[in-house]
Amino acid sequence: MISAADKTNEERILFDELELGEIALNLDDKDPQDVITWALETFGQRLAFVTSFQVDGMAILDMAYRLKPEIRVVTVDTGRLPPETYDFIEQVKNRYPKISLEIHTPDHNNLERIISKHGINLFRQDVPKRLLCCHVRKVLPLLRALNNVDAWVTGLRRDQWASRSNIRKCEIDHDHQGIVKVNPLADWMEDDVWDYVRSNDVPTHPLYAKGYTSIGCAPCTRPIKPGEDSRAGRWWWEKNAPKECGIHCPIETGGFEHEVHAILGDEHKNGQ
Ligand code: SF4
């Protein structure tokens, strides 16, 4: 492994499975702040804190800011976010003025192709079209954003959904060119996150006060009903589909790969 301190611009900070597996074992019982400290010291400015400004991401942002205010924060503006999210982003920038905020947007050619062919609300038609929309509006812009980092920090937790139950605090991200994915909150529960933000006066997205428990694009997110899972408000009309957009786990739903290839061509694989 080449450390952040002695690498040149051309060199990447890359790990193999064995090396990172040992580090993950060591980090598994560590606090989120220890995991973030390891990531900051290891990757320096080759580390991005990726967030959609939900409560988990805000807890991490606050922890990181206390350790090193000049962090790189990356977000994706899908173009369909609720107005409250845009206002909240401004609030976060004012509260954490030293962060470097990178906002990535969908490629307009890709966007025009899918909405011209399938309609502006294509996500309502079927699961493959919803995944196609997520692919163009979320997955590809993030892929582009991660092209120039060696590690990214997420707010994933094991208790969020079955597809996340085995995540480690750091792991090789095979969906993003083998860079390292860091999950400091992997073993936290939802209550731990809320305890942290309340104890530390961390700003939270205003839609939580309106019954939302997971916040994404406006047309695909609603407040949950009593007794529902915290991610039940995402793509609530879908039956037996994963509550994922494809950023954190590859989704190969019937017809999806074909749709992507047919509409976008091969260039989509590089995040163009
Ligand atoms: S959450 Fe909905 S609007 Fe947003 S990218 Fe996915 S399908 Fe499209």
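## Close-up views of a predicted model

**View 1. A glycine follows helix α2.** Glycine 44, just after α2, takes a positive phi of about 55°. The model shown here and in the other views is a predicted one. Helix α2 itself covers residues 32-43, and its 12 residues reach 16 Å from the first C-alpha to the last, close to the 16 Å expected at 1.5 Å a residue. Look along the helix for its buried residues, which are Pro32, Val35, Ile36, Ala39, Leu40, Thr42 and Phe43. Which elements cover them? Among them are α1 (17-27), β1, α3, β4 (151-153) and β6 (179-182).

**View 2. Strand β2 is mostly covered.** Here we meet β2, residues 72-76, where 5 of 5 residues are buried. In a regular strand, side chains alternate between the two faces of the sheet. In β2 both faces are covered: one side carries Arg72, Val74 and Val76, the other carries Val73 and Thr75, and all are buried.

**View 3. Strand β2 pairs with β1 and with β3.** Strand β1 (residues 47-50) pairs with β2 in the parallel sense over 3 bridges. On the β3 side (residues 100-104), the pairing with β2 is also parallel and has 5 bridges. Valine 74 of β2 is a handy landmark: valine 50 stands opposite this residue, and so does glutamate 102 in β3.

**View 4. Helices link the paired strands.** Follow the chain from β1 through helix α3 (residues 55-67) to β2, and you trace a right-handed β-α-β unit. Carry on from β2 through helix α4 (residues 83-95) to β3 for another right-handed β-α-β unit.

**View 5. A shell of residues lies around the ligand.** Of the 13 residues around the ligand, Phe123, Cys133, Cys134, Cys217 and Cys220 come nearest. What kinds of residue make up this shell? The shell divides into 7 nonpolar, 2 polar and 4 charged residues.

**View 6. Two loop residues have a positive phi.** Most residues other than glycine have a negative phi. Glutamine 177 is not a glycine, yet has a positive phi of about 60°. This glutamine lies in the loop between β5 (170-173) and β6. Glutamine 177 is partly exposed, with 15 other C-beta atoms within 10 Å. Aspartate 201, also not a glycine, has a positive phi of about 55°. Find aspartate 201 in the loop between α7 (190-199) and α8 (256-264). Is aspartate 201 buried or exposed? Aspartate 201 counts as exposed because 8 C-beta neighbours lie inside 10 Å, and the cut-off for exposed is 12 or fewer.

Conventions:
Residues are numbered from 1 along each chain as its sequence is written. This is a predicted model: local features need pLDDT of at least 70, side-chain atom pairs count only at pLDDT 80 or more; totals for chains, interfaces and linings use all residues. A residue is buried if 20 or more other C-beta atoms lie within 10 Å of its own, exposed if 12 or fewer, and partly exposed in between; C-beta atoms are placed from the backbone. Helices (H or I, at least four residues) and strands (E, at least two) are DSSP runs, numbered from the N terminus. Two strands pair if DSSP finds at least two bridges between them. A crossover is right-handed if, with the strands pointing away from the viewer, the path from the first strand over the helix to the second runs clockwise. A residue is near a molecule or strand if its C-beta atom, placed from the backbone, lies within 6 Å of it. Ala, Val, Leu, Ile, Met, Phe, Trp, Tyr, Cys and Pro count as nonpolar, Asp, Glu, Lys and Arg as charged, and the others, Gly among them, as polar. The expected span of a helix is 1.5 Å times one less than its number of residues. Two residues are in contact if their C-beta atoms, placed from the backbone, lie within 7 Å.
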